[in-house]
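Dear colleague,

Please find below the structure that I am handing over to you, with its sequence. My notes on what was found in it follow directly after.

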Amino acid sequence: MAAAPDHLFTLRNNFYLGAYQAAINSSDIPNLSPDDAVERDCLVHRSYIALGSYHLVINEINDSAPTSLQAVKLLALYLSSPERKESTISSLKDWLADPAIANNATLRLIAGTIFTHEEDYNEALKHTNAGGTMELYALNVQIFLKMHRSDFAEKQLRHMQQIDEDHTLTQLAMAWLNLAVGGAKIKEAELIFQDFSEKFLMTNLILNGRAVCCMHMGKFDDAETLLLEALNKDAKDPETLANLVVCSLHLGKPSSRYLSLLQQDHILVKRASSAEENFERAVQSVS
């Protein structure tokens with residue numbers, strides 16, 4: 001018996017690779033089952049969140065929407081303003097304590113995403129570690145890499161490979177792991193991003209992936225070219241700006257403009273501020 005066609009394949013793939021507007025544009029899909037329609041709506045609203053349209057998502061998802069969509073709305077609320085973070089996390093914890101909905105895959109994914117943003121990786125893993133969807137396994141890979149546990153990340157990747165070795169998220173997770181391991185694995189990561197760039201729309205995620213590979217291999221001029229192409233696509237993309245800061249420093253070029261464009265809560269800005277404070281303290285103690 002032939003497998004049923006995956007009506008959401010293109011939409012999902014665009015979302016996974018960061019082609020958010022293309023995902024939104026390809027979302028008018030007829031004859032979807034009720035479950036597929038909810039997944040479609042979740043992906044569309046998450047694409048709007050990725051584009052920074054938090055209030056559109058907050059306004060469009062009402063209180064009668066399914067749990068999955070309500071979870072997506074929580075992510076929009078969390079990201080929309082610092083003042084809302086505490087109350088949103090409180091609501092999230094209430095939902096996760098409700099056995100009727102706590103096992104909803106999208107709710108667990110959003111919980112993992114929010115707690116990862118908070119750098120509370122143990123709390124994130126409480127909700128994502130059981131997996132169940134390719135996105136949850138991919139998020140686990142990211143969390144373990146942030147915890148510098150590439151051994152655990154590799155176990156998650158092997159599980160993904162057993163399910164579908166050619167899945168876009170499996171390939172992405174392999175590229176992330178190869179970048180974390182370094183050495184000869186960098187070339188393998190570069191080939192994955194190169195393959196994406198030949199098969200799919202060129203996105204900032206792909207351009208940044210290729211640029212990071214170039215930087216690992218000492219090809220900073222090539223990395224800068226890729227990153228400037230990404231900057232032309234989105235002048236405010238934090239990953240592009242952060243990578244341009246690092247690339248510029250290696251090329252001996254000024255990086256202050258890129259650093260100043262980053263949000264104050266970006267890890268690179270925090271580290272730069274911390275380094276400046278430590279330097280000032282050291283100067284004062286000597287003087």
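Glycine 252 comes after helix 15 and has a positive phi, near 70 degrees. Please bear in mind throughout that this is a predicted model. Helix 15 itself covers residues 238-251, 14 residues in all, and spans 20 Å from its first C-alpha to its last, close to the 20 Å expected at 1.5 Å a residue. Several of its residues are buried, among them Thr240, Asn243, Cys247 and Ser248. Leu244 and Val245 of helix 15 are buried as well, and both belong to a nonpolar core of 17 residues that also includes Cys214 and Phe220.

That core is separate from the largest one, which has 61 residues. Within the largest core, the residues with the most contacts are Leu92, Ile114, Phe115, Met160, Leu169, Phe193 and Phe196. Helix 9 (residues 134-146) gives the most to this core, contributing nine residues.

Two of the residues just named, phenylalanine 193 and phenylalanine 196, deserve a closer look. Both are buried. They stand three residues apart in helix 12 (residues 185-199), so about one helical turn separates them. Their ring centres are 6.5 Å apart and their planes meet at 70 degrees; because planes over 60 degrees apart count as edge-to-face, the pair is assigned to that class. Leaving aside residues up to four places away in sequence, phenylalanine 196 touches Leu17, Thr168, Gln171, Leu172 and Ile206.

Searching the whole structure gives five aromatic pairs. One of them joins phenylalanine 15 and tyrosine 16, again edge-to-face, at 6.4 Å centre to centre and with 65 degrees between the planes. Phenylalanine 15 has a relative accessible area of 11%, which is under 20%, and therefore counts as buried. Tyrosine 16 is likewise buried, at 11% relative accessibility. Ring pairs connect Phe15 and Tyr16 with Tyr20 in a cluster. A ring also takes part in a contact with a charged side chain: arginine 149 lies over the face of phenylalanine 152, 4.3 Å from the ring centre.

Backbone angles call for a separate remark. Most residues other than glycine have a negative phi. Which residues that are not glycine have a positive phi of about 60 degrees? Asparagine 31 is one of them, and glutamate 119 is another. Asparagine 31 sits in the loop between helix 2 (20-25) and helix 3 (34-50). Its relative accessible area is 74%, over the 50% cut-off, so asparagine 31 is exposed. Glutamate 119 occupies the loop between helix 7 (105-117) and helix 8 (121-128). With a relative accessibility of 48%, glutamate 119 falls between the 20% and 50% limits and is therefore partly exposed.

Finally, some totals for the protein. Its secondary structure amounts to 17 helices and zero strands. Of the 287 residues, 45% are buried. Among contacts with a separation of 6 or more, 46% are between residues 24 or more positions apart. The protein exposes about 15,700 Å², and carbon and sulfur atoms supply 50% of that area.

Yours sincerely

Note on methods
Residues are numbered from 1 along each chain as its sequence is written. This is a predicted model: local features need pLDDT of at least 70, side-chain atom pairs count only at pLDDT 80 or more; totals for chains, interfaces and linings use all residues. Side-chain values use heavy atoms; hydrogens and water are left out. Rings of Phe, Tyr and Trp (its six-membered ring) pair if their centres lie within 6.5 Å; planes under 30 degrees apart count as stacked, over 60 as edge-to-face and the rest as tilted. Buried means under 20% relative accessible area, exposed over 50%, partly exposed in between (1.4 Å probe, protein chains only). Helices (H or I, at least four residues) and strands (E, at least two) are DSSP runs, numbered from the N terminus. A charge sits over a ring if NZ of Lys or CZ of Arg is within 6 Å of the ring centre and within 35 degrees of the ring normal. A nonpolar core is a set of buried Ala, Val, Leu, Ile, Met, Phe, Trp, Tyr and Cys residues joined through side-chain atoms within 4.5 Å. Contact means heavy atoms within 4.5 Å. The expected span of a helix is 1.5 Å times one less than its number of residues. Accessible areas come from the Shrake-Rupley method with a 1.4 Å probe; for residues, only the protein chains shown count as cover.
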